[in-house]
Amino acid sequence: MPFDTGKPEMTAEEFRLLRDFVYGHCGILVRDDMKFVMQRRLWPRLEALGLADFSAYYRYLRFDAQRRAELETAIEALTTHETYFFREPRQLKAFSEEVLPQLERRNARTKRLRIWSAGCSSGEEAYTVAMLLKDSGRFEGWDVEVHGTDISRRVLVAARAGEYGPSALRATPPDKIARYFIHVGPNRVRVRDDVRAWVTFGHHNLQEPDSGQIGSRMDVVFCRNVMIYFDTPARQRVLRLIYDKLVPGGYLLLGHSENLINLSADFELVHLRSDLVYRKPEGGL
Ligand SMILES: C[S@@+](CC[C@H](N)C(=O)[O-])C[C@H]1O[C@@H](n2cnc3c(N)ncnc32)[C@H](O)[C@@H]1O
């Protein structure tokens with residue numbers, strides 16, 4: 001039924017179909033009270049594809065030859081990619097001062113370090129981690145890889161470019177800006193090459209474990225502010241995947257508003273001086 005705006009309204013049934021389809025693909029739960037948000041964000045897609053209503057859009061997502069690309073565009077419209085450098089400093093302090101010295105000792109023989117930024121958005125988190133590794137001075141000459149992954153190909157393009165404006169730098173201490181960025185234009189900086197050399201990016205859907213190449217076992221996984229968009233079963237799927245990808249004794253760092261209560265008993269909670277973090281037990285397989 002057209003609005004006075006001339007745009008088709010999303011029926012309750014169309015909302016349910018689209019919501020379940022998005023959830024099935026990427027675990028993002030669009031809450032019942034978000035019908036109007038979903039409708040508003042998907043209107044431009046109906047317009048772009050010349051479709052009359054949301055039922056036609058749902059059929060397009062299910063059956064059209066271009067359905068995979070369109071599903072990515074729809075998910076893009078429904079997700080948030082909010083992130084910035086040096087986010088959650090207390091946790092980063094714990095990581096730098098307590099986790100990194102331990103990793104240096106543990107991996108002294110192999111001189112190899114693997115860190116995963118799962119749900120990395122435009123790359124600020126992965127680069128922040130690489131900068132902290134540089135700051136520590138512990139890993140020069142090591143085989144280091146910070147691997148950022150995300151479901152959105154658009155943010156990965158930005159991540160690989162490694163160029164940012166003021167909003168991305170809003171929590172970055174001036175000495176870090178001076179040391180790790182070069183100015184490439186008015187209000188525009190690029191991450192220095194020695195930091196970028198440690199960072200790679202890849203496409204990966206955390207709800208489809210085999211969707212991308214995660215590679216070898218990780219010493220630390222940052223999965224911050226990603227699971228907040230998932231419901232319990234989807235969170236549990238991600239946690240099982242992360243558990244499998246971590247080395248025994250490896251760390252899981254969540255966002256400050258997230259925890260594993262009622263989600264997983266597989267990880268142990270570790271009280272560090274500046275923060276609480278999770279760890280896969282040493283005996284874990
Ligand atoms: C709010 S950002 C968090 C970025 C960064 N981790 C931080 O804390 O600053 C959440 C990211 O998770 C990604 N995401 C959502 N669902 C995903 C999924 N199923 N698989 C992989 N990434 C996903 C989104 O595309 C988005 O870039």
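**Entry 1: the hairpin and its neighbour**

I began with the connection between β9 and β10 and found a hairpin that joins them through four residues. The model I am reading is a predicted one. I then looked up the pairing itself: β9, residues 268-271, and β10 run antiparallel and are joined by four bridges. For the register I noted that E268 stands opposite R279 in β10.

I next asked which other strand β10 is joined to by two bridges. Strand β8, residues 246-254, is joined in this way to β10, residues 276-279, and the two run antiparallel. Here I recorded L252 of the model as the residue opposite Y278 in β10.

**Entry 2: the sheet of three strands**

I turned to the open sheet of three strands and wrote down its order as β3-β5-β4, with antiparallel pairing. I asked why one side of β3 and of β4 is left without a neighbour in the sheet. Both β3 (163-164) and β4 (181-185) stand at the edges with a single partner strand each, so each has one side that no strand of the sheet adjoins.

As a general reminder, I noted that the strands of a sheet pair through backbone hydrogen bonds, in either a parallel or an antiparallel manner.

I then followed β3 to β5, residues 188-191, and found two bridges between them in the antiparallel sense. Within β5, V189 is the residue that Y164 stands opposite.

**Entry 3: the ligand site**

I looked up where the ligand sits, and the place is the largest pocket. I counted 20 residues around the ligand, of which T83, R87, G119, D150 and L206 come nearest. By character, the shell divides into seven nonpolar, eight polar and five charged residues.

**Entry 4: polar contacts of the ligand**

I went through the polar contacts by ligand atom. On the oxygen side, I found an oxygen atom of the ligand 2.6 Å from a polar side-chain atom of T83. T83 is also listed among the residues that come nearest to the ligand.

On the nitrogen side, I noted a polar backbone atom of I151 at 3.3 Å from a nitrogen atom of the ligand. I also noted an N or O atom in the side chain of N205 at 3.0 Å from a nitrogen atom of the ligand.

I closed by asking how much of the ligand the protein buries. The ligand taken alone exposes 610 Å², and the protein buries 99% of that area.

Definitions and conventions. Residues are numbered from 1 along each chain as its sequence is written. This is a predicted model: local features need pLDDT of at least 70, side-chain atom pairs count only at pLDDT 80 or more; totals for chains, interfaces and linings use all residues. Side-chain values use heavy atoms; hydrogens and water are left out. A residue is near a molecule or strand if one of its heavy atoms lies within 4 Å of it. A polar contact is a pair of N or O atoms within 3.5 Å; within protein, one must be able to donate a hydrogen and the other to accept it, and residues adjacent in sequence count only if both atoms are side-chain atoms. Accessible areas come from the Shrake-Rupley method with a 1.4 Å probe; for residues, only the protein chains shown count as cover. On a 1 Å grid over the protein atoms alone, a cavity is a set of points where a 1.4 Å probe fits but cannot get out, and a pocket is an open set with protein on both sides within 12 Å along at least five of seven lines; lining residues have an atom within 4 Å of a point. A molecule sits in a cavity or pocket if more than half of its atoms lie within 2 Å of its grid points. Ala, Val, Leu, Ile, Met, Phe, Trp, Tyr, Cys and Pro count as nonpolar, Asp, Glu, Lys and Arg as charged, and the others, Gly among them, as polar. Two strands pair if DSSP finds at least two bridges between them.
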